[in-house]
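Reader: Hello! I would like a close look at the sheet in this model and at the charged pairs around it. Could you walk me through that part in one connected answer?

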Amino acid sequence: MAKIAFLGLGVMGYPMAGHLKAGGHDVTVYNRSHEKAAAWVKQHGGKSAETPASAAKDAEIVFCCVGADKDL
């Protein structure tokens with residue numbers, strides 16, 4: 001399976017990243033709210049990263065799911 005970085009754990013991103021993890025992928029998440037990333041890891045496993053760059057390091061695929069263009 002793929003090594004995935006998932007940036008943004010909002011209303012859509014949180015479950016999407018969870019489905020990727022449940023599908024057997026190696027998922028590392030990043031979220032501006034570190035508490036939300038920690039909750040995701042507790043629920044789904046996987047890893048969280050302190051920065052988007054560290055989440056994306058060595059990832060084969062990077063997903064970004066944010067609410068507004070300015071968030072990029």
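Author: Happy to. One term comes first: a residue is called buried when its relative accessible area is under 20%, exposed when that area is over 50%, and partly exposed in between. With that cut-off, 32% of the 72 residues in the protein are buried. Please keep in mind that this is a predicted model.

Let us set the scene before turning to the sheet. The protein has three helices and four strands, and along the sequence they follow the pattern β-α-β-α-β-α-β. The radius of gyration is 11 Å, close to the 11 Å that the globule rule gives for 72 residues, so the protein is as compact as a globular protein of that length. Its C-alpha atoms fill a box of roughly 30 × 25 × 20 Å along the principal axes. If you count contacts between residues at least 6 apart in sequence, 44% of them join residues at least 24 apart. The accessible surface comes to about 4500 Å², and carbon and sulfur atoms account for 58% of that area.

Now to the sheet itself. It is an open sheet of four strands in the order E3-E2-E1-E4, and the pairing is parallel. Strand E3 (47-48) and E4 stand at the edges with a single partner strand each, so one side of each has no neighbour in the sheet. Strand E1, residues 3-7, pairs with E2 in the parallel sense over five bridges. One of the pairs to look for is Leu 7, whose bridge partner in E2 is Tyr 30. E1 is also mostly covered, as four of its five residues are buried. As you rotate the view, it helps to recall that side chains in a regular strand alternate between the two faces of the sheet.

For a single residue to centre on, I would pick Thr 28, which lies in strand E2 (residues 26-30). Thr 28 counts as buried because its relative accessibility is 10%, and buried means under 20%. Setting aside neighbours within four places in sequence, Thr 28 is in contact with Ile 4, Ala 5 and Phe 6, with Lys 47, Ser 48 and Ala 49, and with Ala 55.

One of those contacts, Lys 47, leads straight to the charged pairs. As a general point, side chains of opposite charge can pair when their charged atoms come close. The structure holds three salt bridges. In one of them Asp 26 pairs with Lys 47, and their closest N and O atoms are 2.6 Å apart. This pair links distant parts of the chain, with Asp 26 in strand E2 and Lys 47 in strand E3, 21 residues apart. Both ends are open to the surface in part: Asp 26 is partly exposed, with a relative accessible area of 31%, and Lys 47 counts as partly exposed at 39% relative accessibility.

A second salt bridge brings together the side chains of Asp 71 and Arg 32, at 3.5 Å from N to O. Asp 71 lies in the segment after E4, while Arg 32 sits in the loop between E2 and helix H2 (34-44), so this pair ties together parts that are 39 residues apart in sequence. Asp 71 is partly exposed, with a relative accessible area of 26%, whereas Arg 32 counts as exposed at 64% relative accessibility. Asp 71 also forms a salt bridge with Lys 70, where the closest N and O atoms are 3.7 Å apart. Lys 70 counts as exposed, at 74% relative accessibility. Through these shared partners, Arg 32, Lys 70 and Asp 71 are joined into one network.

Two places outside the strands round off the picture. Gly 67 is in the segment after strand E4 (61-64) and counts as exposed at 77% relative accessibility. The C-alpha atoms of Gly 67 and Ile 4 are 20 Å apart, with their positions 63 residues apart along the chain. Then there is a nonpolar surface patch of about 340 Å², made by Val 11, Met 12 and Met 16. Met 16 belongs to helix H1, residues 13-22, and at 36% relative accessibility Met 16 counts as partly exposed.

How values were computed
Residues are numbered from 1 along each chain as its sequence is written. This is a predicted model: local features need pLDDT of at least 70, side-chain atom pairs count only at pLDDT 80 or more; totals for chains, interfaces and linings use all residues. Side-chain values use heavy atoms; hydrogens and water are left out. Patches are made of residues with over 30% relative accessible area and no salt bridge: like charges are joined within 9 Å, nonpolar side chains (Val, Leu, Ile, Met, Phe, Trp, Tyr) within 5 Å. Accessible areas come from the Shrake-Rupley method with a 1.4 Å probe; for residues, only the protein chains shown count as cover. A salt bridge is a side-chain nitrogen of Lys or Arg within 4 Å of a carboxyl oxygen of Asp or Glu. Buried means under 20% relative accessible area, exposed over 50%, partly exposed in between (1.4 Å probe, protein chains only). The radius of gyration is taken over C-alpha atoms; the globule rule is 2.2 Å times the number of residues to the power 0.38. Contact means heavy atoms within 4.5 Å. Two strands pair if DSSP finds at least two bridges between them.
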